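Trainee: Hi, could you walk me through this one?
Mentor: Happy to, let's pull it up.
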There are 4 protein chains.
Amino acid sequence: MSSFPSSRGRPRDPRSHEAIVSAATELVIEVGYAATSIGAVAARAGVGKDTVYRRWRGKPELVFEAVFTTTDHVPAPDTGTLAGDLTALLRSLVEEFHAPAAAAALPGLLADFAADPVLKARIRSDFLAPSKERLLIVFERAVARGEIAADTPVDLVLDTLAGAVFFHVGLVGERPDRQLAGRLAAVIAKGIEIR
Amino acid sequence: MSSFPSSRGRPRDPRSHEAIVSAATELVIEVGYAATSIGAVAARAGVGKDTVYRRWRGKPELVFEAVFTTTDHVPAPDTGTLAGDLTALLRSLVEEFHAPAAAAALPGLLADFAADPVLKARIRSDFLAPSKERLLIVFERAVARGEIAADTPVDLVLDTLAGAVFFHVGLVGERPDRQLAGRLAAVIAKGIEIR
Amino acid sequence: MSSFPSSRGRPRDPRSHEAIVSAATELVIEVGYAATSIGAVAARAGVGKDTVYRRWRGKPELVFEAVFTTTDHVPAPDTGTLAGDLTALLRSLVEEFHAPAAAAALPGLLADFAADPVLKARIRSDFLAPSKERLLIVFERAVARGEIAADTPVDLVLDTLAGAVFFHVGLVGERPDRQLAGRLAAVIAKGIEIR
Amino acid sequence: MSSFPSSRGRPRDPRSHEAIVSAATELVIEVGYAATSIGAVAARAGVGKDTVYRRWRGKPELVFEAVFTTTDHVPAPDTGTLAGDLTALLRSLVEEFHAPAAAAALPGLLADFAADPVLKARIRSDFLAPSKERLLIVFERAVARGEIAADTPVDLVLDTLAGAVFFHVGLVGERPDRQLAGRLAAVIAKGIEIR
DNA sequence: GCGTAATCGAGACGGTACGTCTTGTCTTTAG
DNA sequence: CTAAAGACAAGACGTACCGTCTCGATTACGC
């Protein structure tokens with residue numbers, strides 16, 4: 001797709017990219033987000049610091065890509081009921097937030113994003129976009145089934161789902177018990193259903 | 001027994017305490033949580049750094065006290081319906097998270113608390129305890145009215161409410177529109193009501 | 001002799017004085033002059049810092065008293081010859097500078113005295129006075145014997161003796177070999193003798 | 001062999017080096033050795049603290065280089081007599097110790113060197129080496145002339161000369177009167193001469 | 001095949017924050 | 001008034017990281 005070779009001079013080594021991302025992921029898991037420094041990432045990747053800064057504007061962007069680009073692009077669930085779909089959706093959200101690197105990185109990462117006006121605007125798109133896409137499909141089907149109103153506020157529900165999972169799993173550190181997704185889905189589904 | 005050990009030596013000057021807390025609040029508002037340093041707080045308070053470290057173990061503890069000890073000790077709402085009570089509760093939660101200092105401090109503060117095992121254990125008690133107390137009362141009344149089951153999971157609901165508000169207001173930075181509390185309360189109330 | 005009781009209120013505890021001096025001596029030996037702090041001395045002496053500052057103006061004065069008040073007031077040597085007397089005098093000087101506490105304290109102590117205008121004026125009197133007294137007597141006898149001129153400059157000779165011992169023993173850290181005093185005395189004696 | 005390892009990475013800026021040395025010299029003169037801090041030196045040099053610590057292990061090493069690398073490499077004096085040569089040698093020693101920066105730095109500097117085992121071993125080589133070299137030449141000539149014995153102890157004489165000057169000029173702070181070098185040289189020369 | 005130019009690893013650079021230490025003073029209670 | 005205890009303002013300590021910069025050395029492209 002159109003990669004425009006603005007290429008003069010030596011092209012960037014793709015192996016560096018991958019080495020940096022791996023090093024970042026490992027460090028976040030091993031020492032945490034706060035103690036993960038660009039210098040340490042570069043050193044572990046066997047790379048100069050500039051090679052990192054040439055590709056990412058800073059630690060938040062780098063760690064975000066390192067940790068959250070495993071977004072496998074799961075298709076939207078289709079269990080036949082809103083509650084079922086939300087359960088599935090929440091299950092993958094819990095899984096995503098509970099993965100070692102994500103759990104270690106999320107609070108600090110969100111804080112850094114929130115602190116920078118430019119990055120703050122990207123929280124919705126970067127962190128929530130994939131989930132929102134799937135939630136939209138789930139809602140479409142639920143509307144078609146007559147379960148929910150057509151104007152059910154997607155963003156508010158999404159914030160609620162993500163916020164609940166983030167608080168419960170990421171912050172409070174509760175081990176995500178098996179029933180969490182189901183129970184939360186049940187409450188929200190019932191809460192937004194028409195009848 | 002009886003020997004009160006803290007009465008030896010010069011007592012801590014309460015004016016220092018207050019000056020530090022004020023300086024911390026101001027700095028968090030002016031430059032943000034990340035850029036607020038203990039040294040700068042001490043300097044603005046006209047105090048030595050030791051005087052800060054003598055009272056707080058670090059920035060997270062200090063800023064937490066500075067920003068969240070306005071615990072107004074509001075009584076639990078009693079509007080007659082669960083939805084009404086939750087609306088009131090959420091309104092004060094939104095207000096609390098949206099206050100200048102709190103909004104500036106929250107993401108970074110939660111990140112620092114989450115990164116330290118000792119502090120992480122205190123998130124629930126320090127940040128959520130007051131709200132939980134009031135939610136418990138609201139639930140008691142709702143149970144008495146027959147609106148909800150006696151075993152409705154308080155912590156899960158609280159995490160959901162707090163998480164939703166934190167994500168919507170604190171992170172995504174949405175200006176908290178007037179209807180937010182009401183809409184969210186409606187969804188949750190309906191979601192957990194028996195019928 | 002005549003302790004005038006200017007005493008109102010609680011009198012100073014002489015045991016404190018001794019405890020402080022002992023603690024200072026020990027610390028100087030154990031951790032060196034630079035690392036010996038008033039606070040540490042007070043703590044080891046089981047005494048408040050003020051109790052130290054009430055008696056001494058600072059570390060230099062305290063350590064000086066702790067380390068150099070063992071000046072036993074040895075009588076001036078009288079061996080019958082200038083060279084012999086100087087040898088004896090130098091021997092006690094070497095011994096004094098080489099004692100554990102003195103060796104550890106001297107360089108830093110002299111530096112602190114030299115850095116403070118008030119104390120600097122006291123180096124000659126505090127450190128060198130006892131030796132000068134004895135040297136004067138030695139010189140008187142040598143003048144009487146006709147070995148040296150009556151106007152032989154005592155201060156210059158004393159500075160030379162003390163400086164040589166300080167450099168050789170205190171700074172360069174040479175173990176003071178047995179012959180040092182004799183050899184140095186021989187050179188100086190011969191150097192100042194009339195013939 | 002041949003692979004010169006220090007050619008990797010950005011080379012150290014010699015202007016920083018010079019700026020630091022100048023700043024150190026100025027500060028020592030203005031506020032004294034004790035009050036000269038690495039931080040203040042760095043600030044005045046317009047340089048980060050790391051840039052200082054990258055080149056010197058600490059204040060003693062830095063100040064030593066700043067103050068005593070004016071090693072003019074004066075040739076050994078050759079006046080025809082031992083007394084004359086020693087006078088010349090002492091004159092330059094007095095001059096060196098009496099220079100503004102040196103006089104301000106010497107006592108503290110020697111104390112810091114003496115306090116550190118590693119540095120202590122370097123006092124003889126760093127501070128005294130240039131003088132010793134010249135004294136050796138002076139001695140050689142005096143031996144050739146038959147003035148002194150071949151085994152006259154250079155180190156002891158050097159310690160005596162340096163110690164005397166240090167005590168008289170550096171510590172006691174006597175203004176170095178014009179005759180000092182001559183008088184001291186006369187005593188020592190006479191003291192070590194064969195006849 | 002040759003210059004131009006961007007990238008590479010390395011590490012120096014000016015800043016700034018860290019949390020601890022020491023200084024000499026001050027303020028409490030106890031004697 | 002002294003004593004022990006310890007708080008207080010000030011500021012230095014040496015380390016870490018930040019994001020930028022300057023090296024010499026590669027490695028591609030367009031000519």
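Mentor: We'll look at one residue, then a pair of chains, then the DNA; keep in mind that this is a predicted model.

Trainee: Where is Thr160(D) found?
Mentor: Thr160(D) sits in helix H8 of chain D, which covers residues 154-171.

Trainee: Is Thr160(D) buried or exposed, and why?
Mentor: Thr160(D) counts as buried because its relative accessibility is 5%, and buried means under 20%.

Trainee: What lies 2.8 Å from a polar atom of its side chain?
Mentor: That is the backbone oxygen of Leu156(D).

Trainee: And which residues is Thr160(D) in contact with, leaving aside neighbours within four places in sequence?
Mentor: Thr160(C), Ala164(C), Leu184(C) and Ile188(D).

Trainee: How can chain C be laid on chain D?
Mentor: A turn of 180 degrees with a shift of 0.0 Å along the axis does it, at an RMSD of 0.2 Å. That is the relation of a two-fold axis. Both copies use the same surface, as 100% of the contact residues of chain C recur in chain D.

Trainee: Switching to the DNA: how many residues surround strand F?
Mentor: DNA strand F is surrounded by 44 residues, with Asp50(A), Arg55(B), Arg54(C), Arg55(C) and Tyr53(D) the closest. By class, 20 are charged, 15 polar and 9 nonpolar.

Trainee: Which atoms of strand F are within 4 Å of the protein?
Mentor: Sugar or phosphate accounts for 65% of them, and bases for the rest. On the base side, a polar side-chain atom of Arg10(A) lies 3.0 Å from a base oxygen of DNA strand F. For phosphate, a backbone N or O atom of Gly39(A) lies 3.5 Å from a phosphate oxygen of that strand, and Gly39(D) likewise has a backbone N or O atom 3.5 Å from a phosphate oxygen.

Note on methods: Residues numbered from 1 in each chain as written. Chains lettered and ligands numbered in written order. Predicted model: local features only at pLDDT ≥ 70, side-chain atom pairs only at ≥ 80, totals over all residues. Heavy atoms only, no water. Helix = DSSP H or I, 4+ residues; strand = E, 2+ residues; numbered from the N terminus. Buried < 20%, exposed > 50% of the residue type's maximum accessible area, 1.4 Å probe, protein only. Polar contact = N/O pair within 3.5 Å; in protein donor to acceptor, adjacent residues only side chain to side chain. Contact = heavy atoms within 4.5 Å. Least-squares fit on C-alpha atoms with pLDDT ≥ 70 in both. Near = heavy atom within 4 Å. Nonpolar A, V, L, I, M, F, W, Y, C, P; charged D, E, K, R; others polar.
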